[in-house]
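Subject: Structure handover

Dear colleague,

I am passing on a structure for you to look through, and below it I have written out what was found, in an order that should let you follow along with the model open beside the text.

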Amino acid sequence: MFMARIPFEVLFERHPDGALEPKKEVRIGGTTIRPGLKFNNISFGGVNLSSSQFLDHDFEVVLDKELSVITGIYKKNGR
C-alpha cells in the first residue's frame, strides 16, 4: 500500500450525458464502486463527485492492489 496524488480523470470517465464512471475499483467513504456503474448526483460517504466542488480536482488516494481508496481531495491550487 502507498499513498499518491491522482488526477480526477485517471480515476473517473465523464460521459457526454454528464454521468461519471470509475475507470477502476474505487472506494470513497466506505462505499466501493466499480467500472460499469454510471452515476450522476449521487453521494458516496457524503461526497457528491458530480459536484463542481470535486470535478477535475486531484485526489489523495491509498493504492491497495487494484483498489484505490480516496482519502482526501485537493483543491485546484493546493489542498
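A good place to begin is R14, whose side chain forms a salt bridge with D56, the closest N and O atoms being 2.6 Å apart. R14 lies in strand β2 while D56 lies in the loop between β7 (47–48) and β8, so this pair ties together parts that are 42 residues apart in sequence. R14 counts as partly exposed, at 41% relative accessibility, and D56 likewise counts as partly exposed, at 37%. Please keep in mind throughout that this is a predicted model, and that the values I quote were computed from it.

As general background, side chains of opposite charge can pair when their charged atoms come close. How many salt bridges does the count come to? The count comes to three, and besides the pair described above there is one between D58 and R5, with 2.9 Å from N to O. Here D58 lies in strand β8 and R5 in strand β1 (residues 2–7), so the pair ties together parts that are 53 residues apart in sequence. D58 counts as partly exposed at 22% relative accessibility, and R5 is also partly exposed, with a relative accessible area of 41%. R5 has a further partner, for its charged end sits over the ring of Y74, 3.9 Å from the centre of that ring.

Another salt bridge joins the side chains of R34 and E25, again with 2.9 Å from N to O. R34 counts as partly exposed at 47% relative accessibility, and E25 counts as partly exposed at 23%. E25 also appears in the surroundings of E66, since E66, once its neighbours within four places in sequence are left aside, is in contact with K24 and E25. E66 and K24 are 42 residues apart in sequence, yet their C-alpha atoms are 7.6 Å apart in space. E66 itself is placed in the loop between β8 and β9 and counts as exposed, at 62% relative accessibility.

In that loop between β8 (58–64) and β9 (67–73) you will also find K65, which has a positive phi of about 60° although it is not a glycine. At 79% relative accessibility, K65 counts as exposed. A positive phi in a residue other than glycine is found for N41 too, where the value is near 60°. N41 sits in the loop between β5 and β6, and it is exposed, with a relative accessible area of 57%.

Next come the aromatic rings, for which a search of the whole structure finds five pairs. One of them is formed by F8 and F12, which make a tilted pair with 5.3 Å centre to centre and 35° between the planes. Why does this pair count as tilted? An angle of 35° is neither under 30 degrees, as stacked planes would need, nor over 60, as an edge-to-face pair would need, so the pair falls among the rest. F8 is buried, with a relative accessible area of 1%, and F12 is buried as well, with 2%. The rings of F12 and F39 have their centres 6.3 Å apart and their planes at 90°, so that pair is edge-to-face. F12 lies in strand β2 (residues 12–14) and F39 in the loop between β5 (31–33) and β6 (43–44), so the pair ties together parts that are 27 residues apart in sequence. F39 is buried too, with a relative accessible area of 3%. Ring pairs link F8, F12, F39, F44 and F59 into a cluster.

Finally, here is the protein as a whole. It has one helix and nine strands, and read along the sequence these follow the pattern β-α-β-β-β-β-β-β-β-β. With 79 residues, a compact globule would have a radius of gyration near 12 Å, and the protein has 12 Å, which agrees. The C-alpha atoms fill a box of roughly 35 × 30 × 20 Å, taken along the principal axes. Buried residues make up 41% of the 79 residues, and the accessible surface comes to about 4,700 Å², of which 49% belongs to carbon and sulfur atoms. Among contacts between residues at least 6 apart in sequence, 38% join residues at least 24 apart.

With best wishes

Methods. Residues are numbered from 1 along each chain as its sequence is written. This is a predicted model: local features need pLDDT of at least 70, side-chain atom pairs count only at pLDDT 80 or more; totals for chains, interfaces and linings use all residues. Side-chain values use heavy atoms; hydrogens and water are left out. Rings of Phe, Tyr and Trp (its six-membered ring) pair if their centres lie within 6.5 Å; planes under 30 degrees apart count as stacked, over 60 as edge-to-face and the rest as tilted. Buried means under 20% relative accessible area, exposed over 50%, partly exposed in between (1.4 Å probe, protein chains only). Helices (H or I, at least four residues) and strands (E, at least two) are DSSP runs, numbered from the N terminus. A charge sits over a ring if NZ of Lys or CZ of Arg is within 6 Å of the ring centre and within 35 degrees of the ring normal. The radius of gyration is taken over C-alpha atoms; the globule rule is 2.2 Å times the number of residues to the power 0.38. Contact means heavy atoms within 4.5 Å. Accessible areas come from the Shrake-Rupley method with a 1.4 Å probe; for residues, only the protein chains shown count as cover. A salt bridge is a side-chain nitrogen of Lys or Arg within 4 Å of a carboxyl oxygen of Asp or Glu.
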